[in-house]
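Let's take a friendly walk through a protein model together. Have the sequence and the 3D view ready, and we will go step by step.

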Amino acid sequence: MIELRDVAYAYPDTDHYVLDGVDLTVARGEVVGVIGASGVGKTTLAKIIAGFIPNVEGGTLDGSVAVDDVPISSLPLAEAVAQVGLVIQNPFNQISGAKFSVREEIVFGLENTGVPRDEMITRVTDVAALLRIDHLLDRSPYALSGGQMQLVAIASVIVMGTPVLVMDEPTSQLDPGGSRMVFDVISALTDAGTSVLIFEHKVELLREHADRIAVLAEGRIIHEGTPRAVLTDDRLESWSVGSTRYTRAARAARGAGIVHPDAALPVSLSDSTEYFTTQRTGR
Ligand SMILES: Nc1ncnc2c1ncn2[C@@H]1O[C@H](COP(=O)(O)OP(=O)(O)OP(=O)(O)O)[C@@H](O)[C@H]1O
């Protein structure tokens with residue numbers, strides 16, 4: 001479980017609070033998607049929840065950040081990483097740079113955690129099968145495509161088995177099939193009790209897989225709710241966040257008077273089919 005209360009943060013040598021008054025809770029087994037404009041502070045928030053801020057980057061952090069009731073920002077980084085797995089935005093930076101095979105790369109974080117060797121091997125095999133990268137295990141981490149590298153980076157975090165996962169645009173390098181597979185893996189993890197906070201621009205995937213969506217704007221969570229409620233909210237554009245293509249098409253049709261103005265906006269293909277079948281004005 002993640003609990004953020006009144007979190008505010010300013011980077012070192014600045015007096016500007018990038019985040020100011022963030023309240024957010026992610027329950028056990030829940031997937032919460034966070035959307036927000038570029039530069040609004042999503043990566044900063046991800047690093048705070050994972051304890052990299054202030055442990056590594058310093059700065060001024062106020063408010064409380066708890067993971068499973070443990071105040072994460074007061075833990076040494078080595079202990080914080082056992083609580084929260086962080087998939088960072090750029091998979092090229094997640095790769096350790098110290099290993100010669102994908103297998104060694106995935107197992108790297110488990111070394112020195114006291115996990116017995118046999119279990120390490122089983123965990124790596126399982127996570128590689130889950131993310132369909134078994135065929136890459138003996139390859140060099142430097143001979144991978146961007147998408148393959150992203151899956152290896154995700155595997156190296158999931159293999160740690162942390163109760164909380166924070167993912168910063170985990171599908172940025174992936175094609176639609178790969179993105180869908182990652183979200184299916186996330187669903188399997190939450191079924192087993194993992195709490196997942198995911199920063200993602202692909203709102204249609206969040207619509208399908210997130211239990212809730214939160215909007216980060218003006219330094220705080222300005223709005224949250226079910227994917228349907230948030231993605232059809234008229235204020236999305238003012239927060240510089242995109243809606244689904246189905247909602248955009250419906251809004252355009254509504255503006256043109258082609259559909260009834262009061263009908264609930266669609267957020268998926270099936271919604272959209274019904275909307276355009278039943279809500280036409282006949283114009
Ligand atoms: N090390 C740093 N020192 C000072 N300011 C920083 C630092 N890193 C980020 N910032 C600033 O903090 C703000 C939030 O950045 P952040 O990377 O968290 O945004 P973001 O929402 O993840 O953006 P994007 O969607 O483009 O990845 C930006 O104004 C950025 O310039």
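Before we look at the ligand, one term is needed: a helix here is a DSSP run of H or I with at least four residues, and helices are numbered from the N terminus. Keep in mind, too, that this is a predicted model.

With that term in hand, which helix gives the most to the shell around the ligand? The answer is helix α1, residues 42-49, which contributes three residues. The residues around the ligand include Lys42, Thr43 and Thr44, and also Tyr11, Thr14 and Val18. Sorted by class, the shell holds seven polar residues, three nonpolar ones and one charged one.

Now turn to the strands. Strands of a sheet pair through backbone hydrogen bonds, either parallel or antiparallel. Strand β1 (residues 2-10) and strand β2 (residues 17-26) run antiparallel and are joined by seven bridges. As one example, tyrosine 9 has leucine 19 in β2 as its bridge partner. The hairpin of these two strands has six residues between them, and there aspartate 13 takes a positive phi near 60°.

β1 has another partner as well: strand β4 (residues 60-67) pairs with β1 in the antiparallel sense, over seven bridges. Here leucine 4 stands opposite valine 65 in β4. Put together, four strands form an open sheet with antiparallel pairing, in the order β2-β1-β4-β5. Its edge strands are β2 and β5 (70-71), each of which pairs on one side only.

Finally, step back. An unreviewed UniProt entry places the feature "domain: ABC transporter" at residues 2-243. That span is 35% helix and 25% strand, and its end C-alpha atoms lie 26 Å apart.

Technical notes
Residues are numbered from 1 along each chain as its sequence is written. This is a predicted model: local features need pLDDT of at least 70, side-chain atom pairs count only at pLDDT 80 or more; totals for chains, interfaces and linings use all residues. A residue is near a molecule or strand if its C-beta atom, placed from the backbone, lies within 6 Å of it. Ala, Val, Leu, Ile, Met, Phe, Trp, Tyr, Cys and Pro count as nonpolar, Asp, Glu, Lys and Arg as charged, and the others, Gly among them, as polar. UniProt positions are given in the numbering used here, feature names are shortened, and annotations may be inferred rather than shown by experiment. Two strands pair if DSSP finds at least two bridges between them.
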